[in-house]
Amino acid sequence: MTDHYRFMARALELARRGLYTTDPNPRVGCVLVKQGEIVGEGWHQRAGGPHAEIVALQAAGERARGATAYITLEPCCHHGRTPPCSDALIASGVTRVVAAMEDPNPQVAGQGLALVRQAGIAVESGLLQAQAEALNPGFVQRMRNGRPYVRCKLAMSLDGRTAMASGESQWITSEAARHDVHRLRARSSAIVTGIGTVLADDPSLTARLDDEVVQPLRVIVDSQLRIPPTARMLSLAGRTLVLTANPDADKTATLHAAGAEVMFLDASHGRLDLNAVLTTLAQQQMNEVLLEAGPTLSGAFLQAGLIDELVVYMAPLLMGDAARGLMSLPGLERMADRVELQIEDIRSVGKDWRITCRPRAAGVNRA
C-alpha cells in the first residue's frame, strides 16, 4: 500500500511540471509500474501536445503490457486536439488503471474509466484525490461551477497599508516576495486589474520567470473605456482584453489598432457585473484568475463572494494611518458584518510573510 501512494505521489510530482504551460488543459501526470518498478512516466506539457498517458506509454513501449497506470486525472475518452487516452491505454495492454480523481469535464465525467473497465482492465479511483484537485483548482471549478478560481493577491505593511496617501507604493515588499508573485502570475490563466491601477501604475502584468511560461491573459475592468492606447501592456507579447460598458466605436477602434481586444458587458450604476466578468473568462477557458487590483475592485470581488483565495504579502513596515488601506469594504459597521477568513498557510518569503487564506462562507455572500 505504501508503494501505491508513492507511485501516485510521483505522478502528482510530474503533473506539477506543467504548472505554467498546460492552459486551458489540466496539469496531469502518469506513471506506469510493472512488478514494483517504474517502466514509463510522463506529464502533459502544453495544450495540443500529447497527454500524460501517451508520453508514459511511449516511454514504456512493450513494457507497458501488464503494467499498472497511475494517473492524476481520469483518462479522456473524447476526440479533442488529440485522440482519446482511454483507447491508448486499452491498446497498450495495461492491466490496471488507478486514477486520483474522475474528470469533472462533462465530456468525460466517469466515461473514460468506464470504457477502460469495460475492456476488462481493473480500475480504481480516489487515491490522493484531494491533492489532485488542489493541483487544478481552476479547471475543477470551471467544469463544475462554470467560473474560474479567483486568487486575490495583496501586498501590505504591518499596519495594513498598501500605498502612501500620495499613491506611492513601490516597493512595499522585498524582491523575493515580488518574484513569488511572478510564480502566481505564471500559473494563472488570466490576471485581472482595474482601470485605476492601469492609470496610476501603467503595469506590465506579465509573468517574468526563467521557466517556460504561457503568458496569462491580461484583463482590464474598465467600464468607461478610459485605458489609453499608449498603455505599456498593449505593446507586450500576449493578449490584453478590455471589458467595458462603453460602446464608443472610435475608442474601440483605436484600442484594437493598439493591440487590445475589447468586449462589452452589462453594467449597473456604472460598474460592470463581476459575475458576468467571470462567466466571460470561463467562456474563454480561463481556469485560474489572479486578481491584482486596487482596494475598490478587490473589495467588490470579496463582497460579491467571488474570491476563493487571498494571498497577502506582509512587509515589516509601518506606513501610518494616512496611508491607503487594504480593501474598500463599505457597509461593515458592526462586528457581525466582519469578513472572516480561514488561514491555510503562513510562511516567510525573503524578509516578508506570505499569508494564504480563504473567506469563510459566513463572512461573505458566497456565490
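In this predicted model, Cys76 has a relative accessible area of 8% and therefore counts as buried. The cysteine sulfur nearest to that of Cys76 belongs to Cys85 and lies 3.7 Å away, and Cys76 is in no disulfide; because a disulfide requires two cysteine sulfur atoms within 2.5 Å, this separation does not qualify. A disulfide is a covalent bond between the sulfur atoms of two cysteines. Cys357, which is buried at a relative accessible area of 4%, likewise takes part in no disulfide, its nearest cysteine sulfur being that of Cys152 at 9.3 Å. The count of disulfides in the model comes to zero.

Charged pairs, by contrast, are present, with a count of 22 salt bridges. Side chains of opposite charge can pair when their charged atoms come close. Arg144 forms one such bridge with Glu133, and the closest N and O atoms of this pair are 3.1 Å apart. Because Arg144 belongs to helix 6 and Glu133 to helix 5, the bridge ties together parts that are 11 residues apart in sequence. Arg144 itself is partly exposed, with a relative accessible area of 46%. A second bridge joins Asp180 to Arg183, with 2.8 Å between the closest N and O atoms; the two residues are three places apart in helix 7 and are therefore separated by about one helical turn. An α-helix has 3.6 residues a turn, so residues three or four places apart point the same way. Within this pair, Asp180 is buried at 6% relative accessibility, whereas Arg183 is partly exposed at 34%.

A further salt bridge is found between the side chains of Asp345 and Arg354, at an N to O distance of 4.0 Å. Asp345 counts as partly exposed at 21% relative accessibility, while Arg354, at 17%, is buried. Elsewhere, salt bridges with shared partners connect Arg27, Arg151, Arg187, Glu288, Glu309, Glu344 and Arg358 in one network.

Helix 6, which spans residues 137-145, contains the buried residues Pro137, Gly138, Phe139, Val140, Gln141 and Arg142. The elements that cover these buried residues include helix 5, strand 6, helix 7, helix 10 and strand 14. Just after helix 6, Gly146 adopts a positive phi of about 75 degrees. One residue of the helix, Arg142, is also touched by Met286, a residue placed in the loop between helix 10 and strand 14. Met286 is buried, its relative accessibility being 9%, and its C-alpha atom is separated by 6.2 Å from that of Pro148, although the two residues are 138 residues apart along the chain. Beyond residues up to four places away in sequence, the contacts of Met286 also include Ser189, Ala190, Leu217 and Leu281.

Thr244, located in strand 10 (residues 240-244), is buried at 0% relative accessibility. A polar atom of the Thr244 side chain lies 2.9 Å from the backbone oxygen of Ser223. When residues up to four places away in sequence are left aside, Thr244 touches several others, among them Asp222, Gln224, Leu225, Val262, Phe264 and Leu272.

At the surface, Ile343, Ile346 and Trp353 make a nonpolar patch of about 320 Å². Of these residues, Ile346 is found in strand 17, which covers residues 341-349, and counts as partly exposed because its relative accessibility is 47%.

Technical notes
Residues are numbered from 1 along each chain as its sequence is written. This is a predicted model: local features need pLDDT of at least 70, side-chain atom pairs count only at pLDDT 80 or more; totals for chains, interfaces and linings use all residues. Side-chain values use heavy atoms; hydrogens and water are left out. Patches are made of residues with over 30% relative accessible area and no salt bridge: like charges are joined within 9 Å, nonpolar side chains (Val, Leu, Ile, Met, Phe, Trp, Tyr) within 5 Å. Accessible areas come from the Shrake-Rupley method with a 1.4 Å probe; for residues, only the protein chains shown count as cover. Helices (H or I, at least four residues) and strands (E, at least two) are DSSP runs, numbered from the N terminus. Buried means under 20% relative accessible area, exposed over 50%, partly exposed in between (1.4 Å probe, protein chains only). Contact means heavy atoms within 4.5 Å. A polar contact is a pair of N or O atoms within 3.5 Å; within protein, one must be able to donate a hydrogen and the other to accept it, and residues adjacent in sequence count only if both atoms are side-chain atoms.
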